[in-house]
Amino acid sequence: MAGLFDEPTVSFVQVAVERAVDRYPKGLTYGVPQSLSPIHVGQLITVPLGKGNTPTEAWVLSVSETSPTLAGNKEIKQVFSKNALTISLPEDLVSLASWMSSYYCAAIGPTLSTMLPGPVRKGIGIKTRTLVNLVMCPPNDVKLTKKQQYVLDTLAELPTNDRPIGISKLMKLASLGSRGPIDRLSEHGFLSTHQVTNVEASWFKQNIDTKEMPTLTDDQSRIVDAISKKLGEGYSSHLLYGVTGSGKTEIYMQLIDHAIKDGGKAIVLVPEISLTPQTAARLMGRFPDKKVAILHSALTKSQRHQQWAMVASGEADIVLGARSAIFAPVPIDALNIIIVDEEHDHSYKQDLTPRYHGRDVAIRRASTAKCPILLGSATPSMESWWNATRRNISTLHTLTHRAPGLTLPKVEIINMRIARAAAHGVMPVFSRELELEIQRSLANEGQILLLLNRRGFAPWIVCSSRACDWMMRCEHCETSMVYHRRKPLEEVGFVRCHHCAKEQRVPKICPDCTKPVIRLGAGTQRLEAIIRETIPLPSNQIARLDTDTTRKISDLHDTLDRFTRGEIRVLLGTQMIAKGLDVEGVTLVGVIDADTAIDLPDFRASERTFQLVSQVCGRCGRGSREAKAIVQTYNPQAPAIVLASEGKYEEFANRELRLRQETGLPPTSRMVRFVVRDDEFERTAGRADALYERLLSIASPSIQITPAAPCVLTRIADRFRFDVTASATTARELQQFLEDARQKKYIGNNRDLAIDVDPVSML
Ligand SMILES: [Zn+2]
Ligand SMILES: [Zn+2]
């Protein structure tokens with residue numbers, strides 16, 4: 001076989017070009033020249049691509065000894081080089097990537113690249129050292145200086161184990177002021193040099209929480225026994241449904257303890273950002289002589305590389321991180337358990353290609369690694385509840401009682417229609433009841449959490465004239481502009497679009513009728529302003545948490561720490577504050593507007609509302625003191641709100657599943673959503689219609705396809721959006737349909753079409 005070069009080809013590799021999107025779905029074949037052999041699966045290499053043989057990075061998918069037959073007798077080109085850093089992904093991650101690529105309709109190259117953290121890929125934190133050693137046959141025709149001779153003598157006197165030696169160390173031993181003499185010796189062939197690369201040890205500060213190991217309740221130990229029996233017995237899937245404060249974390253700890261005995265490893269996933277430090281502190285406190293690798297974005301780049309390398313080398317016993325930590329290169333044979341905490345959380349789904357769901361990829365990984373997977377939540381997703389209670393492919397474990405010593409919060413629903421009538425038609429931010437409870441909590445030295453899932457100061461800017469319906473909209477998106485103040489208590493502000501982030505000045509008068517404009521509604525900034533103006537607390541005892549106040553993740557962690565220590569008395573914010581905070585001093589939780597999600601045209605609106613209200617109400621009553629939650633709503637009869645405030649998850653879930661089944665919606669069916677994007681409205685509509693027709697032409701009777709329609713967010717950043725959805729009863733049927741559509745080239749991931757398998761948002 002003649003290659004591109006003279007060197008003989010000794011084996012063949014099948015590669016996925018890194019950046020190619022869908023152009024080479026089956027991979028490309030290259031020959032491996034003698035000098036680069038062996039090349040392994042999972043390595044990153046450089047290959048010549050296209051007519052110009054452009055050097056291009058590619059992942060090795062498979063290796064074979066025999067020459068594959070290529071269509072049209074094409075010549076097989078040879079690999080250019082291996083990646084200098086010699087990083088590679090283990091084989092099981094390469095097969096996981098192929099599965100993801102096919103299941104989520106994403107190109108495999110970019111999927112593999114998603115698995116490797118940027119800093120590892122770029123080699124940040126890698127230190128290269130040069131070591132030198134004596135050679136067997138030094139040249140005899142070169143005259144040496146005194147210094148050079150002294151270096152050689154020093155080296156010769158060293159015990160063999162200490163050679164090769166680092167240059168700076170040798171300089172010290174031979175009392176050299178510069179490395180010149182050593183360099184001359186290597187140039188003349190008296191010394192051999194060796195390059196050694198390793199990842200810099202790069203430590204980070206991590207609080208450690210050394211709580212005593214609590215005694216398990218009967219319920220807890222029953223569950224720990226049941227799941228730990230499955231360790232080492234192959235794949236099994238478990239759903240832990242435990243009300244907030246019932247001690248799910250303790251069950252995780254005990255199972256990890258069992259799983260990492262005898263060298264086993266555990267992966268623990270938590271939702272994005274907020275929960276990682278708290279969970280890390282607990283893990284490190286509980287397992288002081290085990291290595292916990294933490295993969296989260298608050299670490300510096302070299303720290304992230306170092307933590308990843310610690311996992312890859314098999315040194316780490318426990319891996320903790322958000323969504324992408326499921327790609328931690330834990331050796332497959334050692335992986336003993338995967339735990340996904342708060343499995344219902346939507347941050348597990350990635351909204352860029354590959355649009356994978358971290359929980360579902362975790363299930364896949366556990367089944368390949370033949371180990372148990374435990375999903376935990378106080379408000380399990382409908383998917384997991386369906387799997388555990390209807391399909392029986394996962395075992396349900398239930399904790400119905402709060403841990404001893406914790407009280408259940410009393411939840412009161414406030415009908416804001418009445419509050420609005422009392423305020424003469426103006427929508428008040430606080431009801432009288434919530435105001436009173438805030439005062440009472442402050443008088444009793446309690447801490448307060450206030451949830452408002454909307455950022456900015458005021459979400460709408462409208463004309464003050466009743467005869468005019470002008471509302472300020474983004475010029476680039478089909479959304480209202482949100483008013484933000486520079487500082488909560490200062491009257492200076494700007495408007496920003498929450499979808500394309502474009503900013504504008506606030507108009508003083510209505511462009512349609514020249515009447516003054518007014519700012520309607522409340523976001524977290526207005527809430528903060530009201531609290532600061534009306535509550536007599538020092539300013540550092542009030543804090544706000546939303547993506548505007550936490551541009552740096554360390555700010556988020558700092559605020560959460562101060563709240564946990566009791567230094568912050570009132571913490572207000574978006575759903576960030578609803579996740580996992582476990583603070584004893586909280587005696588009041590206020591949900592300012594439980595309706596932020598309920599009216600969204602998304603079949604999961606009700607589920608989201610239920611989750612948000614239950615999760616935030618569950619933040620109180622963590623201590624022995626009496627605690628209360630107040631839920632303000634304009635929909636006081638909505639089942640999601642009523643059942644969440646009564647703590648009736650099972651009733652809600654069964655009701656919701658019945659509705660989904662009647663309407664054929666996930667999880668009772670499997671869905672894929674195609675979002676067609678284009679610069680012009682008509683063209684977008686036309687392309688979406690054409691896609692619908694094509695998909696219809698290949699759909700078997702078991703596939704339901706909805707005609708093209710404008711998305712709820714019809715335009716984002718000057719791109720119009722239409723969607724088409726397809727559903728089937730089983731994942732297998734849907735996958736077959738997608739495969740057919742790809743074969744016919746009806747679909748492919750690109751800038752103009754987003755393919756979202758198992759979508760979690762329909763906006
Ligand atoms: Zn916009
Ligand atoms: Zn007007």
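Me: Is C468 buried or exposed, going by its relative accessibility?
Reply: This is a predicted model, so keep in mind that we're reading computed values. C468 has a relative accessibility of 16%. The cut-off for buried is under 20%, so C468 counts as buried.

Me: And which class does C513 fall into?
Reply: Let's use the cut-offs again: buried is under 20%, exposed is over 50%, and partly exposed is in between. C513 comes out at 26% relative accessibility. That's why C513 counts as partly exposed.

Me: What do C468 and C513 coordinate, along with C463 and C510?
Reply: Each of these cysteines uses its SG atom, at 2.3 Å. The pair C468 and C513 links distant parts of the chain, 45 residues apart. C468 sits in the loop between β18 and β19, while C513 sits in the loop between β21 and β22. What they hold together with C463 and C510 is the zinc ion (ligand 2).

Me: What geometry does the site of the zinc ion (ligand 2) have?
Reply: Look at the angles among its 4 donor atoms, which run from 96 to 118°. Four donors count as tetrahedral if all angles lie between 85 and 135 degrees. So the site of ligand 2 is tetrahedral.

Me: Which residues are the protein donors of the other zinc ion, ligand 1?
Reply: Along the chain, these donors follow the spacing C-x2-C-x19-C-x2-C. Their site is tetrahedral too, with angles of 106 to 114°, and two of the donors, C474 and C477, are buried. The SG atoms lie 2.3 Å from the zinc, and they belong to C474, C477, C497 and C500.

Me: How many residues of strand β25 are buried?
Reply: β25 covers residues 586-591, and it has strands paired with it. Strand β17 runs parallel to β25 and is joined to it by 5 bridges, while β26 also runs parallel and is joined by 4. The strand is largely enclosed by the rest of the structure, because the number of its residues that are buried is 6 of the 6.

Me: What is the handedness of the β-α-β unit that includes β25?
Reply: The pieces are β25, helix α17 (residues 605-617) and β26. The two strands are paired as well: V589, for example, has A629 in β26 as its bridge partner. The β-α-β unit is right-handed.

Me: Which residues of helix α12 are buried?
Reply: Helix α12 spans residues 382-389, and 7 of the 8 are buried, so it is largely enclosed by the rest of the structure. Those buried residues pack against several elements, including β9, α11 and α17. By name, they are M382, E383, S384, W385, W386, N387 and A388.

Me: Which two residues touch the most other members of the largest nonpolar core?
Reply: That core has 114 residues, and its largest share, 7 residues, comes from helix α1. Apart from it lies another core, of 27 residues, among them I251 and A259. F674 has contacts that include L691, F722 and I755. The two residues touching the most other members of the 114-residue core are I338 and F674.

Me: What is the relative accessible area of T684?
Reply: T684 is found in helix α20 (residues 681-698). Leaving out residues up to four places away in sequence, T684 touches V676, R677, D678, F720, R721 and F722. T684 is buried, because its relative accessible area is 0%.

How values were computed. Residues numbered from 1 in each chain as written. Chains lettered and ligands numbered in written order. Predicted model: local features only at pLDDT ≥ 70, side-chain atom pairs only at ≥ 80, totals over all residues. Heavy atoms only, no water. Buried < 20%, exposed > 50% of the residue type's maximum accessible area, 1.4 Å probe, protein only. Pairing = 2+ DSSP bridges. Right-handed = clockwise from strand over helix to strand, strands pointing away. Donors = N, O, S within 2.8 Å, 3.2 Å for Na, K, Ca; no water. Tetrahedral: all angles 85-135°; square planar, octahedral: opposite > 155°, others 65-115°. Core = buried A, V, L, I, M, F, W, Y, C linked by side-chain atoms within 4.5 Å. Contact = heavy atoms within 4.5 Å.
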